[in-house]
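Visitor: Please take one part of this model and go through it closely. I would like the enclosed space and the helix packing beside it treated together.

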Amino acid sequence: MTNKLKALLALFYLFTSPILAQNTLDGQAKIVPEEEVNRQSMFIDAERERVLGHYEKAVDYYKKFLNENSDNAAAWYGLARSFEALKDNISAMDAAAKAAAKDPENQWFRIFQADLFEKVGQAKDAAGIYLELTKKFPQDGAFLERLAYLSVLAGDPKGGLKALDQLEKLSGVSERTADQKHIIYLGLGDYKKAAAELEKLANTYPKHLEYRHRVAQLYESVGDNAAARKVYEDILRRNPDDEIAKIAVLEKSGSDLAVLTTLKPYFKDPKLSLDGKVKEMMPWLEKLRKGGMAPEAVQALLDLGVLVEIAHPNDAKAWSLSGDLHYLSNRLPEALARYRTCIKLSPTVFSVWENALSILAEQRNYDDMLVMAEKAMDDFPNQAAAYYYYGLAAIEKGKPDDALVQLEQATIMTGKNTLLYLSIVDQIGLAHLRKKDPAAARARYEHALTRGGDKHPGILEHLGDALYQMGERDNATEYWQKAAKIASTPALEQKISSGKL
């Protein structure tokens, strides 16, 4: 029996049993008048149509019923639910307000009214309803939690904190309330109170050391390394074998090389957590990205990457980390080999594919790029960069028509990534140029100028190429010069000096 049928039978029983049976009033059997039977029947019809999903019919029945029974809160509520299902939120809100006014003690009517307010963006009004509910039902923690959420949504974080404080008094400190309060404090810029909330959670559940790790991580995220170290030391007092804390409290003073050399015994130990090692490397990866590290320190980082590979040979994260270290150190062949291993072990992280494809592009290895990009499109059909690299490789392999199909599809996936969009358009134009259709290339490039293409050196240079092929040599040189001002290359300078492709 379906849920809808069960609901209908329940309604039928509820409303028909007093109609079909005799009622006893003042000790005498009474027959329910036909008018009352018709009235209840109309309400049953409305409820039946709503349960069946026939919302327009339900609205008609509810309206007919309410014409003569305007004080019936349940009917106003059913009408509101039907209007909501029809996405007529204004009418739903009006009917819900009438249901709540007719029966102010019914919490479900008020909850539904609050849901409608939230749906239409009136979070403050929704919070107001839950504030009333928390006063009527002070022992209901769910109402306090909703009040906290809606208060923050309405731009009243202090109101949210007040509700969560009440919730903690009611049901004690929990991970959920501590999480919510620490997030609110972070939003207010008060990281000390945010940390205090997590510390309170950690002290309430002292055996759950993951809570203390979160406190340490919060301190690290705001640059308070001294406070973070104290927390890690506390963790080690409670658990001397904690792997992440062991690495975190290492003495990290002196030169980069000295610090990295200190880490080697820990990185070669397979019993220590790979996640802890990855976490330790994150600031070093950023330092590599910025450049300027001494060559011996860079080599020490690469050595740590190799130690991680040896300690965790079957974990894709180890090869990804080592690949990133080599990639940012401009050791591209070594990075590519590690990315390939990572993909074999776990092909689920697109950033690894993207880095590998970018290396193949720099190496001009279009054969391998075409194969890898096609596989990336299959595995990540919503990643525009995979289509971009396929298009680039297909053009260079003499397949401009194949490239255009994938590149055009990629343009609708780029979202707000303007640079990727322009790079894809650049390749679309190149495909048209390879097809000896400079007019089509020119049209795409000129349209792209209005979307930031006037600052993209590839688009400016290749628009110049299209103009040259169309016989507009002076205009071509003008765009080549514009491109050179942004990013000059020997090939571009040759075009400018010779005035030809």
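Guide: A cavity here is a set of points, on a 1 Å grid over the protein atoms alone, where a 1.4 Å probe fits but cannot get out. Points are joined across faces, edges and corners, and the volume is the space filled by probe spheres set on them. The model is predicted: local features need pLDDT of at least 70 and side-chain atom pairs 80 or more, while totals for chains, interfaces and linings use all residues. Residues are numbered from 1 along each chain as its sequence is written, and side-chain values use heavy atoms, with hydrogens and water left out.

The structure holds one cavity of 30 Å³ or more. The largest cavity encloses about 40 Å³ of space. Its lining (residues with an atom within 4 Å of a point) consists of Pro104, Glu105, Asn106, Gln107, Arg110, Glu132, Leu133, Lys136 and Phe137. Helix 6 and helix 7 (123-136) each give at least two residues to this lining (helices are DSSP runs of H or I, at least four residues, numbered from the N terminus). Helix 7 has the largest share, with three residues. By class, the lining of the largest cavity has three nonpolar, two polar and four charged residues; Ala, Val, Leu, Ile, Met, Phe, Trp, Tyr, Cys and Pro count as nonpolar, Asp, Glu, Lys and Arg as charged, and the others, Gly among them, as polar. The nonpolar members are Pro104, Leu133 and Phe137, and the polar ones are Asn106 and Gln107. Glu105, Arg110, Glu132 and Lys136 are the charged members.

Helix 6 (residues 107-119) also packs against two other helices. Helix 5 (residues 89-102) meets helix 6 at an angle of about 155°, with 9 Å between the axes; axes are lines fitted to C-alpha atoms over the stretch in contact, and angles run from 0 to 180 degrees between N-to-C directions. Helix 5 and helix 6 are therefore roughly antiparallel (over 145 degrees). Their crossing is left-handed (the near helix is turned anticlockwise from the far one by less than a right angle). On the helix 5 side, the contact (heavy atoms within 4.5 Å) is made by Asn89, Ala92, Met93, Ala96, Ala97, Ala99 and Ala100. Helix 6 answers with Phe109, Arg110, Phe112, Gln113, Leu116, Phe117 and Lys119. This contact has 10 nonpolar, two polar and two charged residues. Asn89 and Gln113 are the polar pair by class, and Arg110 and Lys119 are the charged ones. Arg110 thus appears in two settings, since Arg110 lines the largest cavity and is part of the contact with helix 5.

Helix 6 and helix 8 (residues 141-153) pack at about 20°, with their axes 12 Å apart. That angle makes helix 6 roughly parallel to helix 8 (under 35 degrees). The crossing of helix 6 and helix 8 is left-handed. Gln107, Ile111, Asp115 and Glu118 of helix 6 make the contact with Phe143, Arg146, Tyr149, Leu150 and Leu153 of helix 8. These residues divide into five nonpolar, one polar and three charged. The polar residue is Gln107, and the charged ones are Asp115, Glu118 and Arg146. Gln107 lines the largest cavity and takes part in the contact with helix 8.

Note on methods: Parallel < 35°, antiparallel > 145°, perpendicular 65-115°, else oblique. 1 Å grid on protein atoms, 1.4 Å probe; cavity = no way out; pocket = protein on both sides within 12 Å on 5 of 7 lines; lining within 4 Å.
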